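Colleague: Could you take me on a close look at one small part of this model, and then show me how the rest is arranged around it? I'd be glad of the cut-offs as you go along.

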Amino acid sequence: MSQQQKQEIDDLVATQTEGYTPGEKKDLSELKQLDANDESLNKWKASLGLDNAQVPFPEDTRSVIVHALILESAEKTIVMDVSTPEKIAQLKATPIVIKAGIDYSFIIEFYIQREVISGLKYLHQVKRKILTLERTEEMCGSFGPKLAKQQCRFPQNTAPSGFGSSGSYVIRSKFVDDDNNVHLDWTWTMEIKKNWA
């Protein structure tokens, strides 16, 4: 199957910058030794936490562990736990209730361990029945391994409002990197109502 055929089947694919090819993957020890006398490169490596790289979840073989997707508004914060397959199944089965017309932002929380992950992106597609209403792609950036939870905040959005906006929406979310590794791909549901409850 060609890449184009795969993209037609899966319409939630990260865009590729024309002419850009991700660099060769290097492990942490190689990155630490790379151009050791280059001051600006050393600052970049320090910002990624390469000097104190630790593994928060040694028993977990993944490099990126997505913890939660948070919907934050002035009125309310909703934390959607996506840390286990059971929690993701619960999100899909139990809609998140959103008040019509509110302004909100998404925040994604995750852990990075064992290696530097470059070009993390969050993809998001909203459907109502069979109609795709919105597709969003947000760049998070590159992250090094840390014991602490890391996060990326996205620009503010406004929930649908007005006639016909109330009802159920299906959202597919995806967290990918420059090498097209899919770190998490999950579906959840959202209910737009006049009030929160």
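Where does alanine 100 lie?

Modeller: Happy to. A word on the ground rules: this is a predicted model, in which local features need pLDDT of at least 70 and side-chain atom pairs count only at pLDDT 80 or more, while totals for chains, interfaces and linings use all residues. Residues are numbered from 1 along each chain as its sequence is written, and side-chain values use heavy atoms, with hydrogens and water left out.

Alanine 100 sits in the loop that joins strand 3 (96-99) to strand 4 (103-112). Strands here are DSSP runs of E with at least two residues, helices are runs of H or I with at least four, and both are numbered from the N terminus. With a relative accessible area of 22%, alanine 100 is partly exposed; that class lies between buried, under 20%, and exposed, over 50%, using a 1.4 Å probe and protein chains only. Beyond its neighbours within four places in sequence, alanine 100 is in contact with Pro160, Ser161, Ile192 and Lys193, where contact means heavy atoms within 4.5 Å. Glutamate 191 is 91 residues away along the chain, yet its C-alpha atom is 9.3 Å from that of alanine 100.

From this loop we can step into the sheet. Strand 3 belongs to an open sheet of 5 strands with mixed pairing, in the order 3-10-9-5-6. Strand 3 and strand 6 (131-143) are the edges, each with a single partner strand, so one side of each has no neighbour in the sheet; two strands count as paired if DSSP finds at least two bridges between them. On average, neighbouring strands are turned by 25 degrees against each other, direction ignored. At the far end of that order, strand 5 (residues 117-128) pairs with strand 6 in the antiparallel sense over 10 bridges. Within that pairing, leucine 120 has glycine 141 of strand 6 as its bridge partner. Helix 4 (residues 85-93) packs on the sheet, where it touches strand 3 and strand 10 (182-193), and its direction makes about 30 degrees with that of strand 10. For such angles, axes are lines fitted to C-alpha atoms, for helices over the stretch in contact, and the values run from 0 to 180 degrees between N-to-C directions.

Two of the loops between these strands have a backbone detail in common. Lysine 129, in the loop between strand 5 and strand 6, has a positive phi of about 60 degrees although it is not a glycine. Lysine 129 is exposed, at 81% relative accessibility. Asparagine 180, in the loop between strand 9 and strand 10, is also not a glycine and has a positive phi of about 65 degrees; at 46% relative accessibility, asparagine 180 is partly exposed.

Now for the charged side chains. The structure holds 7 salt bridges, each a side-chain nitrogen of Lys or Arg within 4 Å of a carboxyl oxygen of Asp or Glu. One of them ties together two sheet strands: arginine 172 and aspartate 185 meet at 2.7 Å, N to O. This pair links distant parts of the chain, with arginine 172 in strand 9 (residues 167-176) and aspartate 185 in strand 10, 13 residues apart. Aspartate 185 is partly exposed, at 35%. Elsewhere, glutamate 72 bridges to arginine 153, with the closest N and O atoms 2.8 Å apart. Here too distant parts of the chain are linked, since glutamate 72 is in strand 1 (residues 64-73) and arginine 153 in strand 7 (residues 150-153), 81 residues apart. Both partners are partly exposed, glutamate 72 at 27% and arginine 153 at 46%. Arginine 62 pairs with aspartate 60 at 2.7 Å between the closest N and O atoms; arginine 62 is partly exposed at 34%, whereas aspartate 60 is buried at 18%. Lys121, Arg135 and Glu137 form a network of salt bridges.

The cysteines can be dealt with briefly. There are 0 disulfides, counted as pairs of cysteine sulfur atoms within 2.5 Å. Cysteine 140 is buried at 17%, and cysteine 152 is buried at 7%.

Finally, confidence. The mean pLDDT is 84, and 78% of the residues reach 70 or more; pLDDT is the predictor's confidence in each residue, from 0 to 100. Residues 1-9 stay under 50, and the model has 3 contacts for them beyond four places in sequence. Where pLDDT is low, the predicted coordinates should not be read in detail.
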